[in-house]
Amino acid sequence: MDFKPLSGLIDRLTSWRIPWAEVVVVHRNETVFRYRSGYADLEEKVPIDDGRILNIYSMTKILTCTAALRLVEQGKMLLNDPLSAYLPEFAEMTVRKTLPDGGVEIDRAKRAIRVRDLFAMTAGFSYDIGSPSLREAVERTQGKVPTREFAKALAKEPLLFEPGTRWAYSLCHDVLGALVEAVDGRKFGDYVREEITGPLGMNDTGFDLTDEQRGRLAPQYEYDDVLGKPVRKDVNGFRLGSEFESGGAGLLSTVSDYVRFLNTLTNRGTSPDGVRILSPASVDLMRTDHLTEAMRADYGWEQLAGYGYGLGVRTHVSKAASGSLSPLGEFGWSGAAGCLAIIDPESQLTVMYAQHMLNNQEPYVHPRVRNTVYGCL
């Protein structure tokens with residue numbers, strides 16, 4: 001394997017818009033390539049180094065769906081169960097409907113939200129974290145917004161469509177975290193630590209940081225198109241409150257930690273040292289395309305051409321449409337600051353690409369990273 005093209009790509013990215021980038025490639029459970037370039041702190045010219053903690057944002061979703069699938073395979077809930085069997089606040093939902101004259105009316109939903117709708121982003125929620133009910137919850141809980149309180153607040157908002165009929169990227173996986181709490185009884189963060197990150201030795205992964213870890217948190221940037229350069233923006237705007245453990249975008253982690261989790265999924269649920277977090281059957285269900293033809297039109301991001309959507313992950317379904325060098329069944333997801341997960345059981349390949357910049361240039365970066373990795377094998 002010759003990874004010079006991959007290191008060359010990382011160097012080009014960090015000489016372009018992105019302050020720093022790192023990639024790690026694991027093949028057959030061995031790290032065969034790791035490379036980082038650029039500055040963790042642009043102002044102080046501090047090079048990116050090992051152990052830096054970053055917001056992984058929506059790559060949290062892969063772990064949240066893994067956590068919830070554990071409960072499915074233990075018989076504690078089923079994908080076809082109504083969500084209201086566990087979170088009663090979702091029993092009677094409303095739907096916002098647009099009238100032919102452009103007006104809007106609010107009707108009672110005819111279909112129930114099912115557990116599967118949370119996994120598959122088909123519940124009808126939006127990604128509006130500033131909606132009136134959520135703002136009220138922030139005020140009422142004095143800025144804490146515990147995860148279950150978040151779900152109760154979101155249930156007051158009208159849905160965008162009848163559950164199970166369309167696809168919309170939304171707060172579904174944040175509700176999934178609340179569902180785990182309701183079914184299991186533990187706080188979502190405790191469940192994640194005790195059932196997944198702890199057994200896997202992921203000591204730098206969680207929803208909150210110690211003082212020592214906070215000192216290793218990488219500055220976060222956002223590319224400013226007007227100024228033509230990255231500017232500091234350290235807040236995670238998806239964290240609504242101090243006690244909100246966001247299953248959709250709340251985890252902090254390191255490259256070394258999270259690639260350990262991703263590689264466990266590459267091994268179809270069991271880590272190289274024998275820690276089992278999911279069954280192979282659950283991993284295969286996760287990476288099965290769950291989109292109907294009616295939903296496919298909603299799933300239109302250019303970098304995901306040729307990919308379907310499973311239980312919280314993209315999944316490769318058409319090489320002709322994607323132009324990707326990865327095999328069918330390769331799956332994963334990405335995050336708002338630009339990180340990318342590639343999970344490939346057939347090739348026994350795991351890739352984590354990391355950066356920490358909002359306005360992340362994902363449509364340009366991610367397909368190039370993926371194809372360059374496979375071109376190097």
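This passage describes the overall fold, the aromatic pairs and several individual residues of a predicted model.

The protein chain of the predicted model contains 13 helices and 15 strands. Its C-alpha atoms occupy a box of roughly 55 × 45 × 40 Å when the principal axes are used as the frame. A compact globule of 377 residues would be expected to have a radius of gyration near 21 Å, and the value of 20 Å found for the protein chain therefore agrees with that expectation. Of the 377 residues in the protein chain, 55% are buried, and the chain exposes about 15000 Å², of which carbon and sulfur atoms supply 49%. When contacts between residues at least 6 apart in sequence are considered, 67% of them join residues at least 24 apart. With regard to charge, the protein chain carries 43 positive and 50 negative charges, and the mean positions of these two sets are 2 Å apart.

A search of the whole structure for aromatic pairs returns 19 of them. One of these is formed by Phe 3 and Phe 33, whose ring centres are 4.8 Å apart and whose planes meet at 15°, an angle under 30 degrees, so that the pair is classed as stacked. This pair links distant parts of the chain, since Phe 3 belongs to the segment before α1 (4–14) whereas Phe 33 lies in strand β2 (residues 30–41), with 30 residues separating the two. Both Phe 3 and Phe 33 are buried. A further pair is made by Trp 167 and Tyr 169, for which the ring centres are 6.2 Å apart and the planes are at 15°, so this pair is likewise stacked. Trp 167 has a relative accessibility of 4% and therefore counts as buried. Trp 167 and Tyr 169 also belong to one aromatic cluster, which is completed by Tyr 57, Tyr 127, Phe 238, Tyr 299, Trp 301, Tyr 309 and Trp 333.

Tyr 57, a member of this cluster, is also notable for its backbone. Its phi is near 45°, a positive value in a residue other than glycine. By way of background, most residues other than glycine have a negative phi. Tyr 57 is placed in the loop between β4 (54–55) and α2 (60–73), and at 1% relative accessibility, a value under the 20% limit, Tyr 57 counts as buried. A positive phi is likewise found at Arg 28, where the angle is near 55°. Arg 28 is situated in the loop between β1 (20–27) and β2; with a relative accessible area of 56%, Arg 28 is exposed, whereas Tyr 57 is buried.

Arg 108 provides a further example of an exposed arginine, with a relative accessible area of 57%, and this residue lies in strand β6 (residues 104–108). Residues up to four places away in sequence being left aside, Arg 108 touches Glu 92, Met 93, Thr 94 and Glu 162. Arg 108 and Pro 158 are 50 residues apart in sequence, while their C-alpha atoms are 8.9 Å apart in space.

Key:
Residues numbered from 1 in each chain as written. Predicted model: local features only at pLDDT ≥ 70, side-chain atom pairs only at ≥ 80, totals over all residues. Heavy atoms only, no water. Helix = DSSP H or I, 4+ residues; strand = E, 2+ residues; numbered from the N terminus. Rg over C-alpha atoms; globule rule 2.2 N^0.38 Å. Buried < 20%, exposed > 50% of the residue type's maximum accessible area, 1.4 Å probe, protein only. Contact = heavy atoms within 4.5 Å. Areas by Shrake-Rupley, 256 points an atom, 1.4 Å probe, with all protein chains shown as cover. Lys, Arg positive; Asp, Glu negative; His and termini not counted. Charge placed at Lys NZ, Arg CZ, Asp CG, Glu CD. Phe/Tyr/Trp six-rings, centres within 6.5 Å; stacked < 30°, edge-to-face > 60°.
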